[in-house]
Amino acid sequence: MKEEQNHEKAKQFGMVIDLDKCTGCGACMVACMAENNVPFKEDESKKLDSITWLRVYKLTNGKPFPDTEICYLPRPCQHCGGKGNHGHSPCVSVCPATATDYSKETGIVSQIYTRCFGCRYCMAACPYHARYFNWWDPVWPDGMEKYLSPNVSVRMRGIVEKCSFCFHRYQIAMDKAYYEGRGELEENEYQTACTQACPANAITFGDLNNSGHAVHELKKDKNAFRLLERLQTNPKVYYISSREWVRRAGDNYLKTEKK
Amino acid sequence: MSKPDDKTTGISAGTDSTEAGSSSAGGIEKGQGNGDSGFVILFFIIGFVASLIIGWVVFPKLLYSQKAQPIDFNHALHLEAVSDGCESCHLFREDGTYAGVPSNAQCVDCHQEVQGDSPEEKKFVEEYVAKEREVPWLVYSKQPDCVFFSHAAHVKKAGMECITCHGPIGESTSLQVYEENRITGYSRNIWGKNIAGIKREPWDRMKMDDCAECHEKEAGKRSSVQTDKEACFVCHK
């Protein structure tokens with residue numbers, strides 16, 4: 001955290017997801033797929049084949065009725081800053097093709113599809129299963145290719161893809177800012193598709209370093225946690241849950257271990 | 001004074017010995033087959049020259065098909081008539097995106113009717129304005145899907161002039177022939193006209209290295225963890 005404050009101008013885009021608000025409706029997943037031209041298969045139940053940049057997981061506390069509780073957990077790419085927040089996230093460190101990169105300017109982990117040759121080291125390195133491999137070329141139903149977004153390039157067979165925090169929206173917003181003679185964005189000018197699609201307002205997106213953005217305060221919530229924090233991957237996606245078993249599910253603990 | 005002398009004697013001694021060695025070896029070869037090696041060298045030179053001609057002259061001609069633009073536009077003539085330079089027609093939209101090639105709507109104010117005696121203008125008015133069809137211009141700068149380029153960042157933020165990257169197109173009276181790569185479908189302006197890949201002016205070529213060269217020099221940002229240059233996502237999408 002000290003590291004972050006040293007770079008005053010550097011942005012750290014991140015997300016805070018309130019799991020108490022998430023109903024598991026899946027609108028974020030749909031919005032993400034539509035926004036980012038994510039291909040889908042005829043049989044989406046085949047999870048080794050299907051690609052979901054943002055996946056909603058269902059957690060249960062494992063207790064029998066009537067104590068059963070369920071929590072839905074949306075999981076985008078965590079855009080890890082790595083230990084010490086130097087940008088050495090697990091995937092960036094292992095990529096032999098320089099296809100995935102960490103930007104110190106925005107804190108976003110990028111994936112360049114034309115650069116990737118599909119070795120899938122990054123998939124093995126990512127502890128969050130946020131990366132997906134294209135086993136097939138995308139096939140769009142007749143006429144649907146006309147509905148693809150021109151702002152995101154379509155991926156081909158044999159490469160890895162993942163959530164980009166809708167980086168193209170940042171680029172588009174910056175274009176407008178430059179045109180109007182500004183160098184900085186307002187909080188609402190750059191929001192991801194999933195954030196805007198969430199009907200429960202469970203997802204909040206913004207610059208974690210900017211005290212004017214909502215996420216700056218939300219991440220300090222006493223119930224805030226990140227996934228697998230023990231690995232020191234330093235993710236930029238925070239979760240909030242008032243339920244202790246959910247917070248514990250965010251990491252691996254021994255039965256006897258207190259959080 | 002003594003040192004140079006030592007050197008010269010040393011060198012001369014060296015050359016003497018090598019000359020002696022080569023002459024004795026050459027003597028044996030000459031004795032065996034003088035004509036054969038001559039033919040080999042001759043055929044090698046012929047083959048070498050032929051492959052150079054094929055690779056540098058014939059192949060590029062085969063690789064690129066030549067297409068004429070639908071209308072031969074005269075930039076110089078129009079630049080005199082407008083008040084705001086390039087941006088009179090090649091303008092930014094209010095959301096900061098760049099409109100690129102103008103649409104007919106920007107032309108019809110003047111070109112509702114044929115004004116002059118140019119056959120190109122007559123064609124434009126009769127074929128496109130009268131029939132309300134947009135001109136299918138061939139865009140020299142069309143890049144692959146994965147490339148993101150922001151005119152706003154270069155023109156508005158960095159304050160660059162159009163001519164810095166595009167060259168003196170405003171002074172041209174005729175559009176250049178559009179050469180399309182038969183394999184990739186992209187314009188030759190991307191790879192560059194020079195078959196050896198030599199670039200003299202910034203507008204000679206539009207490859208990634210050309211973007212990166214200037215970004216490294218001018219922007220000087222080192223936001224990428226992988227390369228210690230500017231991050232990939234700046235230009236890729």
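How many Å should the 13 residues of helix α5 of chain A span? At 1.5 Å a residue, the span expected for α5(A), residues 167–179, is 18 Å, and its end C-alpha atoms lie 19 Å apart, which agrees. One caution before going on: this is a predicted model.

Let me start with chain A as a whole. Chain A contains 8 helices and 10 strands. Its radius of gyration is 18 Å, close to the 18 Å that the globule rule gives for 259 residues, so chain A is as compact as a globular protein of that length. The C-alpha trace of chain A spans about 50 × 45 × 40 Å along its principal axes. Of the 259 residues in chain A, 40% are buried. Taking the contacts in chain A with a separation of 6 or more, 61% are between residues 24 or more positions apart.

Next, a sheet in chain A. It is an open sheet of 4 strands, in the order β8-β1-β10-β9, and the pairing is mixed. At the edges stand β8 and β9, the latter being residues 224–225, each with a single partner strand, so one side of each is left without a neighbour in the sheet.

Strand by strand, then. β1(A) covers residues 13–18, and 6 of its 6 residues are buried. In a regular strand, side chains alternate between the two faces of the sheet. In β1(A) both faces are covered. A:Phe13, A:Met15 and A:Ile17 are buried on one side, and A:Gly14, A:Val16 and A:Asp18 are buried on the other.

β1(A) pairs with β8(A), residues 203–207, in the antiparallel sense over 5 bridges. With β10(A), residues 237–240, β1(A) pairs in the parallel sense over 4 bridges. A:Met15 is a useful residue to look up here: its bridge partner in β8(A) is A:Phe205, and its bridge partner in β10(A) is A:Val237. On to the other edge: β9(A) and β10(A) pair in the antiparallel sense over 2 bridges. There, A:Phe225 has A:Tyr239 of β10(A) as its bridge partner.

Now the core. Which residues have the most contacts inside the largest nonpolar core? They are A:Met15, A:Ile17, A:Cys32, A:Val109, A:Cys194 and A:Ile203, in a core of 63 residues. The element that gives the most to this core is α5(A), with 6 residues. As for A:Cys32, leaving aside its neighbours within four places in sequence, its contacts are A:Val38, A:Trp53, A:Leu54, A:Ala193 and A:Cys194.

That brings us back to the helix from the opening. The buried residues of α5(A) include A:Phe167, A:Tyr170, A:Ile172, A:Met174 and A:Tyr178. A:Gln171 and A:Asp175 are also buried. The buried residues of α5(A) pack against β5 of chain A, residues 109–111, together with α6 of chain B, residues 151–157. Just after α5(A), A:Gly181 takes a positive phi of about 80°.

For contrast, a loop. A:Ser211 lies in the loop between β8 and α7 of chain A, where α7 is residues 214–218. Is A:Ser211 buried or exposed? A:Ser211 is exposed, with 8 other C-beta atoms within 10 Å. A:Ser211 and A:Gly250 are 39 residues apart in sequence, and their C-alpha atoms are 26 Å apart in space.

Now chain B. Chain B has 9 helices and 2 strands. Along the sequence, the pattern in chain B reads α-α-β-α-α-α-α-α-β-α-α. Of its 237 residues, 11% count as buried. For contacts in chain B with a separation of 6 or more, residues 24 or more positions apart account for 60%.

One residue to look up in chain B is B:Lys123, in helix α5 of chain B, residues 119–129. B:Lys123 is partly exposed, with 15 other C-beta atoms within 10 Å. From B:Lys123 to B:Ile198 is 75 residues in sequence and 38 Å in space, C-alpha to C-alpha.

Last, the contact between the chains. How many residues does the contact take from each chain? It takes 25 residues from chain A and 23 from chain B. On the side of chain B that touches chain A, 9 residues are nonpolar, 8 are polar and 6 are charged. As already mentioned, α6 of chain B packs against buried residues of α5(A).

Methods: Residues are numbered from 1 along each chain as its sequence is written. Chains are lettered from A and ligands numbered from 1 in the order in which they are written. This is a predicted model: local features need pLDDT of at least 70, side-chain atom pairs count only at pLDDT 80 or more; totals for chains, interfaces and linings use all residues. The radius of gyration is taken over C-alpha atoms; the globule rule is 2.2 Å times the number of residues to the power 0.38. A residue is buried if 20 or more other C-beta atoms lie within 10 Å of its own, exposed if 12 or fewer, and partly exposed in between; C-beta atoms are placed from the backbone. Two residues are in contact if their C-beta atoms, placed from the backbone, lie within 7 Å. Two strands pair if DSSP finds at least two bridges between them. Ala, Val, Leu, Ile, Met, Phe, Trp, Tyr, Cys and Pro count as nonpolar, Asp, Glu, Lys and Arg as charged, and the others, Gly among them, as polar. The expected span of a helix is 1.5 Å times one less than its number of residues. A nonpolar core is a set of buried Ala, Val, Leu, Ile, Met, Phe, Trp, Tyr and Cys residues joined through C-beta atoms within 7 Å.
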